[in-house]
Structures are given as C-alpha cells and as structure tokens.
Amino acid sequence: MSDDVDGARLLAAMQSLRRGVEATTYPLQLTDVDEARRERGELLAQLDDYILPRVESLDAPLLAVVGGSTGAGKSTLVNSLVGEPVTKSGVLRPTTRASTLIHHPADAEWFTGDRVLPGLARLTGGEQEDSDPGTLRLVAGNVPQGLALLDAPDIDSVVSANRDLARQLLSAADLWIFVTTAMRYADAVPWNLLQQAIERGTSVAVVLDRVPLDAMEEVRADFSTMLMEQGLGQSPVFAIAESELDATGLLPGVEVERINGWLASLAADQHARSIVIRRTLQGAIDSLDGRAQMLQSALEQQDAARTELTTIAAEAYAAALDGVTEGMRDGTLLRGEVLARWQEFVGTGEVFRQLEAGVSKLRDRVGAALRTRARQQPADDLGAALQSGVAALLQAHGETAAITVARQWRHTAGGAELVGAHPELSSVSDGFAEKSEKLVRAWQDDVLAMVREEAGGKRTTARFLAFGVNGIAVLLMLVVFSATAGLTGAEVGIAGGSAILAQRLLEAVFGDQAVRTLAAKARTQLLTRTEELYDAERTRFDDVVTATTSAEGTAAQLRTAIDQVRAAR
C-alpha cells in the first residue's frame, strides 16, 4: 500500500476520532469531570490546530512556538531572532496578548487561511496593543523559508485567557522553544508543561536567558542535569548571557547567533526538518489513544451515574406502589371516616352483634333495614369516604417517593446539581392531588361497571334490589381493602368485621368464588392505575436525567473511533 493511501486512511480515522470527541458531553458533575472537560477541549484543539492539518500537509513550514513564563524574555528573543521589533515586549505584565506569527513572505499562503489554528482570527495590520487573545497577528519577516516563529502568551499569566491560549499554541507546535531564565529555570509551572511535551513527544529546544557570565558554567550544568532527569537530555540548549539591549530593544547579535544558525540549518535541511515534524506528529498521535480512552472512561462514568440516578427514582416509586398495596391490605382504609359512613350504611351497630347468629338471619335484617330507609345517600357517603381515603393514600406515598428521590440524589454523584437546577422535583407535580382523586373516581366507575356486568339477570332479584348497584359496588370496595380480599376467619377488630360483613353480604348476592374474583380484579385495576400515576411522576426524574444524554457522543462510538485510528496506524 502506498504512503498516499496510508496517509488518507490515517486522515480519515483522525477525522472520525475528531467527530467522536466533539460529540462527547460531560454534563453530570462527577469526580474528575472537570479534567475530562478540559482534556476534551485540549484534544479537540490539538486535532484542529495541529494533527489534522499536519497529517494533510507534511511539507508545510515547521512551526516553532516560543513559550515560557512571565518575564522570561520570549518577545525580546523573537524580535532579536528576526532582527527587528515585530512583537511587543516590556516590563508591564501581561505583555503578550494577541499572538504574533512571523513567517517568510513566500510562506504566507500556509498561514493566512485556517489550515492551522482555525479558531483564531487573522490580523495582518500593524495593530497589536489592543489585540484580542483570540486573534493571530501575521507578520512577513526575516525568518528562513520553511520555518515560522510564533510568540505565545505567558504560560503562567495572571490572565486566564492568556494561559489557555499559551497551552493551545504549544499543542499546535512542531517545535517548542522553551524560554526560561537563570533565576527561574526550576519553577514548577514550566516543568509541568515540559513534562506534557515529553509525554506527547513534542520536539523541544531550550533557551536559558539572562545568565550572568560568572555563573554561566554552573547554571548550564545544573540546568542540563535537570533536563536529563526529565528525559530531555537530547534537546538543544542555548544560553544567553545577561546583556544590555540596544536602542530598539534587541539582544546583541552574538547572543542569538547560535540559535539563528540552528534554526536556519533546520529550515534549509528538508530531511532534518522532516525528522522534527514527524517526531512531534508521531508523539501527538501516540498520545491520542490514552487521551481518548480517558474521555471514553469519563463517558462510561456518566452513563453509570445516569443509571444510578434513574434506579434511585425507580426504586422509590416501586416502594410507593408497595406502600399503596400494603395500605389496601392492612385495613387502614376501613377505619375513621370510612367506618362511620359504613355504620350509617348498614343502619346500626346491631348487625355486628348478630354476625355469629347466622348469615341468613343477618341478611334478612340488613335487607329489611335498607328497604325501610333511603339507601342511596348512605352508599354515596360511604363511597365518597372511600374515595377520599384512597386518594390520600396515593398522595402520601407519591409525596414520600418524590422527597426520597430528591434527598438521595443530593447525596449521589451528579444528582445534587440536577435537584438544584430542578427544585420542583423535591415534591409531587402540580395537580397531583387532583390526578389522584380523578384516578380513584375512575376506578370506582370501573367497580360499578364490574358489578353491573357480574349482576347480569340478577338485577331484579330481591337480594340485589336490597342493596342496589351503588351499594354492592361499595361493598366490593370494602372487600378490596380488607386484609386478604376474601377473609374467611372470625372478626378481627371493628375494621376487620366491616370487611367480613361486606364479604358475606356480597356472597349472598354473587356467591363466594365470584366475590373473590371480583375483589382480585378490582384490586388489580386500582394498582394498575396507581402504577401509571407513579410512572408519570417518576418520568419527571427520568426526563431530567435523559436531558443529560447525548444521542451521538456515546462511549461505544468513541471506542470505535479509537479502534479506527489504531488500525490506520
């Protein structure tokens, strides 16, 4: 396979990786997420600013970025190398704002477009005092053809935009010319960046500026030892003696002669220039695997956090449904107001004392009592009491579920920020009480329909007429809320006795098996409606989590892009 074909495959794989990285998002505030967000931005910038354009154009001029700490003399060095003041230098900090790129006049076409550093606007005029850090000032100057110098902002600038831009420009360099001074060469910040350059395979040359003549050998030896320890022992080192600047702010020519000679020979020797370019490009490509895998891991952590958050919501509302189920079984609903209305419905407490005397006799007494008084109103009152009780049960467990989810989210990675952004999640949705009441009314209509269907031709019997459709439906609801939806034992308290009595009266109309079937069906319908109600409430939480999901930037897609780069290499 030819080099052109190999290059085309590699470029396509890099473009696929770039799309994969761009699609990633890290919205949940997890541990180390800030690092992932920063790495994503830096990786995108290096792909756009350096790797992709360099893979496309290996024969483009070598870009040497001059960087270093505040006051190291970067701009003075650049001006001295060019032989004229082309970039601002001075004692005021920060000095460098807009970056200045000096190129040979014949190389202008490589930099006037957006081939490299596409995110920076181009300036070709003389203004630089008020230039924005987001601009790149182009100067056609006295540099060898095939090489360009870029004066970067301070890597430790007090202005964050300058620091960020400095890192971006260094990541776009074929060659990093690191400038430090005899007083500050051991500072931590530049060494951290040098370590990053080592890890990414960037070619580095070092300039030791403002070295006192009487300490030249001692400082160079100590600095060289440090470079050796950090893995930069092969990097060229240039020392500049502490010198007076001329009237235009330039260093004496003799102090920059060695650096200029080295740069000129590098520019003139296509093979040597290619070695530097390919070494840095290879290092940058080598670093992609680990960096992209770090982003992939961060994506997987985001997915895991989403799963945990949605699981918390699902479990809370499942517990709410269980609570309603238990509330329907334990007889709680058959007390208080419901019990009072029940006693009105059957007439007096005398029926309870006659329960053991025999169901037939009891049925006759109840039937007589119901035929001698207005039956509809007590049945309606009992139905209303049941409706209120059931609605209150649904509301209480729904409110508990919302509070529980919000509380647990506040203590779960990524959840606190979601609750803070959506305070409405800490309680039930607007209109939840009305929805609960509507649900119970609809369920009561279901029960009425079941009674009518089951009654069939029995509607004209004396037993049916003794209770009416509404009365029988209410009796069935009472059975639903008993301990077993079909008690067969002796009375267990007043509430339990109410359920037993209701069951026995229903059995007199429909038979015991039909009553059990009706009660089970009615209970299932109520729980089904309740589950739908709670599902809608839980969806509020799920929607908030889903909103943090990217349909494109998945861990699997990024993994595929990583594999494509590996294969192309």
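## Exercises on a predicted model

Ile312 sits in helix α9, which covers residues 270–329. The model you have open is predicted, so keep that in mind as you work through these exercises.

### Exercise 1: Ile312 and its contacts

Work out whether Ile312 is buried or exposed, and find which residues it touches beyond four places away in sequence.

Step 1. Start with the accessibility. Ile312 has a relative accessible area of 10%. The cut-off for buried is under 20%, so Ile312 counts as buried.

Step 2. Now look for contacts, skipping residues up to four places away in sequence. What's left is Val405, Gln408, Trp409 and Thr412.

Step 3. Check a distance along the way. Ala401 is 89 residues from Ile312 in sequence, yet the two C-alpha atoms are 10.0 Å apart in space.

### Exercise 2: The whole chain

How many helices and strands does the chain have, and what share of its residues is buried?

Step 1. Count the elements: you should get 19 helices and eight strands.

Step 2. Of the 569 residues in the chain, 51% are buried.

Step 3. Then take the contacts with a separation of 6 or more. Residues 24 or more positions apart account for 78% of them.

### Exercise 3: Reading the sheet

Give the strand order of the open sheet, and say which strands are at its edges.

Step 1. Walk across the sheet from one side to the other. The eight strands come in the order β3-β4-β2-β5-β1-β6-β7-β8, and the pairing is mixed.

Step 2. Look for strands that pair on one side only. Those are β3 (121–123) and β8 (237–241), the edge strands.

Step 3. Now the twist: from one strand to the next, the average is 25°.

Step 4. Add a helix. α6 (residues 188–199) packs on the sheet and touches β6 (175–181) and β7 (203–211). The direction of α6 makes about 160° with that of β6.

### Exercise 4: β4 and its partners

Find how many bridges join β4 to β2 and to β3, and how many residues of β4 are buried.

Step 1. Take β2 (residues 99–103) first. Five bridges join it to β4 (residues 135–140), and the two strands run parallel.

Step 2. Pick out partners in that pair. Ser99 has Leu136 as its bridge partner in β4, and Leu101 has Leu138.

Step 3. Turn to β3. It pairs with β4 over three bridges, again in the parallel sense. Here Leu123 stands opposite Arg137 of β4.

Step 4. Check the cover. Five of the six residues in β4 are buried, so the strand is mostly covered.

Step 5. One rule helps when you trace a strand by eye: in a regular strand, side chains alternate between the two faces of the sheet.

### Exercise 5: Ala64 in β1

Which residues does Ala64 touch beyond four places away in sequence, and is Ala64 buried or exposed?

Step 1. Place the residue: Ala64 belongs to strand β1 (residues 62–68).

Step 2. Its relative accessibility is 0%, so Ala64 counts as buried.

Step 3. Its contacts, with residues up to four places away left out, are Ala148, Leu149, Leu150, Leu175 and Ile177.

Step 4. Compare sequence with space for Leu101: the residue is 37 places from Ala64 in sequence and 9.5 Å away, C-alpha to C-alpha.

### Exercise 6: The largest cavity

Find the volume of the largest cavity, and sort its lining residues by class.

Step 1. Rolling a probe the size of a water molecule over the atoms shows where empty space is left.

Step 2. Counting cavities of 30 Å³ or more gives three. The largest has a volume of about 120 Å³.

Step 3. List the lining of the largest cavity: Gln46, Arg167, Leu170, Ser171, Trp176, Leu193, Gln196, Ala197, Arg200 and Thr202. The elements giving two or more residues to this lining are α5 (160–171) and α6.

Step 4. Sort by class, and you get four nonpolar, four polar and two charged residues.

### Exercise 7: Two positive phi values

Where do Asp32 and Arg210 lie, and how exposed is each one?

Step 1. Recall the usual case: most residues other than glycine have a negative phi.

Step 2. Asp32 has a positive phi, near 70°. It is found in the loop between α1 (3–23) and α2 (33–56). With a relative accessible area of 52%, Asp32 is exposed.

Step 3. Arg210 also has a positive phi, near 60°, but this residue lies in strand β7. At 39% relative accessibility, Arg210 counts as partly exposed.

Technical notes: Residues numbered from 1 in each chain as written. Predicted model: local features only at pLDDT ≥ 70, side-chain atom pairs only at ≥ 80, totals over all residues. Heavy atoms only, no water. Pairing = 2+ DSSP bridges. Helix = DSSP H or I, 4+ residues; strand = E, 2+ residues; numbered from the N terminus. Axes fitted to C-alpha atoms, helices over the stretch in contact; angles between N-to-C directions. Contact = heavy atoms within 4.5 Å. 1 Å grid on protein atoms, 1.4 Å probe; cavity = no way out; pocket = protein on both sides within 12 Å on 5 of 7 lines; lining within 4 Å. Points joined across faces, edges and corners; volume = space filled by probe spheres on them. Nonpolar A, V, L, I, M, F, W, Y, C, P; charged D, E, K, R; others polar. Buried < 20%, exposed > 50% of the residue type's maximum accessible area, 1.4 Å probe, protein only.
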